[in-house]
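Trainee: Could you walk me through this one and tell me how each label is earned?

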Amino acid sequence: MKIKKVVLVVIALLLVSLFFQQGWYQYFNLESIKNQQARFATAYAENPSKIIFGFLAIYIAMAALSIPGAAFLTLLGGALFGLVNGTIIVSIASTIGATLAFLGSRFLLRDWVQTKFGSKLAAINEGIDKEGGFYLFTLRLVPVFPFFAVNLLMGLTKIKTFTYAWVSQLGMLPATIVYVLAGTELSKISSLKGIASPGLLGAFAALGLFPLIAKKILDIIKANKVYQGWKKPAKFDTNMVVIGGGSAGLITALIAAAVKAKVTLVEKNKMGGDCLNTGCVPSKALIKTARIVSQAKHAERYGLEAIDVKMDFAKVMERIQHVIKEIEPHDSVERFTGLGVDCLQGAATIKSPWEVEIALNDGSKKTVTTKNIVIATGARPFVPPIPGIENTGYFTSDTIWEIREQPKRLLVLGGGPIGSELTQAFARLGSTVTQVEMGSRLLAREDIEVSDLVLRSFLADGVDVRLEHKALRFEVEGGEKILIAEHRGSEVKIAFDMLLCAVGRSARVTGFGLETLGIGLAKTRTVEINDRLQTKYPNIFAAGDVAGPYQFTHIASHMAWYAAVNGLFGKFKSFPVDYRVVPWATFTEPECARVGLNEQEAKQQGIAYEVSSYGIDDLDRAIADAVAHGFVKVLTVPGKDKILGVTIVGEHAGDLIAEFVAAMKHGYGLNKILGTIHIYPTLAESNKMVAGVWKKAHAPQGLLKWVEKFHRWQRG
């Protein structure tokens, strides 16, 4: 078998070599065709079979040997045989040649490739098994890859030969007709002036428009395929139904209403979603109070006597509710109704790609037909199935705001952003806090020096941080709640009064009809979408935490624009979501903010970088404000000022990062930041200072030596 394969490869290489050595390629140009056109016409009239079979043999051989030039041969077929005959001849030849190339690839390479990369090709083979014909048809109709590449690559898959042949012929036929037509028109010109003829211009226009038209046809075919079995309403009650009144849902509805679309927003609980009611707003209100308490305890930093703060924990928690109520009108039903959004309070269930049933909170039901649906149901805290956790009881970042009695001994499970923010806040308010993290450090997504600074701050606040502790089970011993954790092979007991579970959040993907429609989930357990936020149904979108890839309020708002615009205007123009510049912050003290790459990610991805770092402890304003800690670290392309990523640790880091976000978004580097006037004395000067660090490291030392000599000469 191996000998046969070697012989076949040698023959193929010899034929390709002969094609070029004999100069046969010189006949495949317009000048040669025009010179030989009359001769071909005479020969064709005298012996059409000979000419046809000769052309078939050449076309089949070139396609089978994967010699580029199929497009030119198709033009030639139109020039020699006319539109009808040329289309038939080329269609037959291209299909036979493609199938031979396919079989050659399968015979020579498939077994080896499947053995070597079988596990990696499993998903491709599965897709081919399910809808290989349609996938191939897509490649043929809209030629993303050259036809000869498709022949070779498809030979490595498990698609059946007969399926490959007839689908290829059908898929290539529209393009064949267009190219043969162009060849037919080209054969009619006798000079360069003929290029401006209506027929030829029309053929060229068809060549240019064909990929666009083919893509539209393909979109229609795909849509019809996915919607099979569903009855589309004759008319619609609304242009868009948005499920979920959090950040993604509110902004989607707002944009839709702003462009005069009729939009229905459905929320079964409180408007504003998690961010307003249980997330960003309440946590930042709590952090602010905790920071004031901490500053009072350390009043000597500001030249004051120590202040004994009398705290009423219940009042602190009531203040948080007051803050929520102050912001609430921004996200209220009344405001959005006034902006043109039809707001419904109830639970939505998607019944079909165009129908949403709403179980209203008043007990009634309503069905709304709609052109588009946007799923914006957010996420909920994830509670791990640790034995005994239900018996001891727990709170999450959603429910902790209900308490009015301060926990004496609080156990926080989780060392990520949410767990760390709440750990420090409760510790500063006077609770004895133990934070348990399974990993080796806090805030594992950040660089190690960021984690170290936060850890030192927590220890100074009296937090008992337990790293590398894996929660095994919860027990109650003598009326006392106990966590049994594993630490380096040994079991450790940790007593507590109240448990806060903060190990992450999971997307809300059940209870509103995804299963009925067969809308799948990604590996991250979020709704499976494409880069334009579409699910398997092109008119059903998902945005925000339910879709990922980031669980940030500002990213949910960012995605909302794409959901609204792609849903309402996607037939004309749609946009992939731009995730290139994504900032975020963790509001501990010190505050940690980041955009782009950090060092650990750059190393993992093998990306070359340079580091410029500036210690904020050297900044005048930071010293004056007694917040002289932290740093600004910038990763740049080696030898250039282009910013790859920035990490800031320190006071107001989340605000300071904005300048770098703008720089990365709009493509300017550290030189322009250095050349920008920053007010003195401000914390924002640290951004200019780090740009100065980069500039100093890249100063032209050779030139400076000559300048030094020049100045010495000037002094005489």
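Mentor: Sure, and keep in mind that this is a predicted model. Start with α16, which lies across β7 (409-413), β8 and β13 and runs at about 160° to β8.

Trainee: What makes you say that β7, β8 and β13 belong to a sheet?

Mentor: Strands count as paired when DSSP finds at least two bridges between them. Take β8 (residues 432-437) and β9: they have 4 bridges, in the parallel sense. One spot to look at is E437, which stands opposite L467 in β9. The whole sheet has 4 strands in the order β9-β8-β7-β13, with parallel pairing.

Trainee: Why are β9 and β13 called edge strands?

Mentor: Each of them pairs on one side only, β9 being 464-467 and β13 498-501. The sheet is an open one, and its twist averages 20° from one strand to the next.

Trainee: Which sheet has antiparallel pairing?

Mentor: An open one of 3 strands, ordered β10-β11-β12. Its edge strands are β10 (470-477) and β12 (490-496), each with pairing on one side only. Ignoring direction, neighbouring strands there are turned by 25° against each other on average.

Trainee: How do you know that β11 and β12 pair?

Mentor: The cut-off is at least two bridges, and β11 (residues 480-487) shares 7 with β12 in the antiparallel sense. Within that pair, I484 has K493 of β12 as its bridge partner.

Trainee: Back to helices. How do you know that the length of α13 agrees with what a helix should span?

Mentor: Count 1.5 Å a residue: the 15 residues of α13 (residues 313-327) should span 21 Å, and the end C-alpha atoms are 22 Å apart, so the two agree.

Trainee: Which residues of α13 are buried?

Mentor: F313, V316, M317, I320, V323 and I324, and buried here means under 20% relative accessible area. They cover an arc of only 105° around the axis, which puts them on the same side of α13.

Trainee: Why would residues spaced like that point the same way?

Mentor: An α-helix has 3.6 residues a turn, so residues three or four places apart point the same way.

Trainee: And what is on the other side of α13?

Mentor: K315, K325 and E326, which are exposed; the cut-off for that word is over 50%.

Trainee: What covers the buried residues of α13?

Mentor: The cover includes α11 (273-277), α12 (280-297) and α16 (417-428). Also look at the start of α13, where a side-chain oxygen of D312 comes to within 3.1 Å of the backbone nitrogen of A314. That qualifies as a polar contact, since the limit is 3.5 Å.

Trainee: Why is β2 called largely enclosed?

Mentor: Because 5 of the 5 residues of β2 (residues 263-267) are buried, the strand is largely enclosed by the rest of the structure. Both faces are covered: V263, L265 and E267 are buried on one side, T264 and V266 on the other.

Trainee: Which strand pairs with β2 in the parallel sense?

Mentor: β1 (residues 238-243), over 4 bridges. V242 has L265 in β2 as its bridge partner.

Trainee: And how many helices and strands does the chain have?

Mentor: 26 helices and 20 strands. Of its 716 residues, 45% count as buried. As for contacts with a separation of 6 or more, 64% are between residues 24 or more positions apart.

How values were computed: Residues are numbered from 1 along each chain as its sequence is written. This is a predicted model: local features need pLDDT of at least 70, side-chain atom pairs count only at pLDDT 80 or more; totals for chains, interfaces and linings use all residues. Side-chain values use heavy atoms; hydrogens and water are left out. Helices (H or I, at least four residues) and strands (E, at least two) are DSSP runs, numbered from the N terminus. The expected span of a helix is 1.5 Å times one less than its number of residues. Buried means under 20% relative accessible area, exposed over 50%, partly exposed in between (1.4 Å probe, protein chains only). The arc is that of the directions from the helix axis to the C-beta atoms. Contact means heavy atoms within 4.5 Å. A polar contact is a pair of N or O atoms within 3.5 Å; within protein, one must be able to donate a hydrogen and the other to accept it, and residues adjacent in sequence count only if both atoms are side-chain atoms. Axes are lines fitted to C-alpha atoms, for helices over the stretch in contact, and angles run from 0 to 180 degrees between N-to-C directions.
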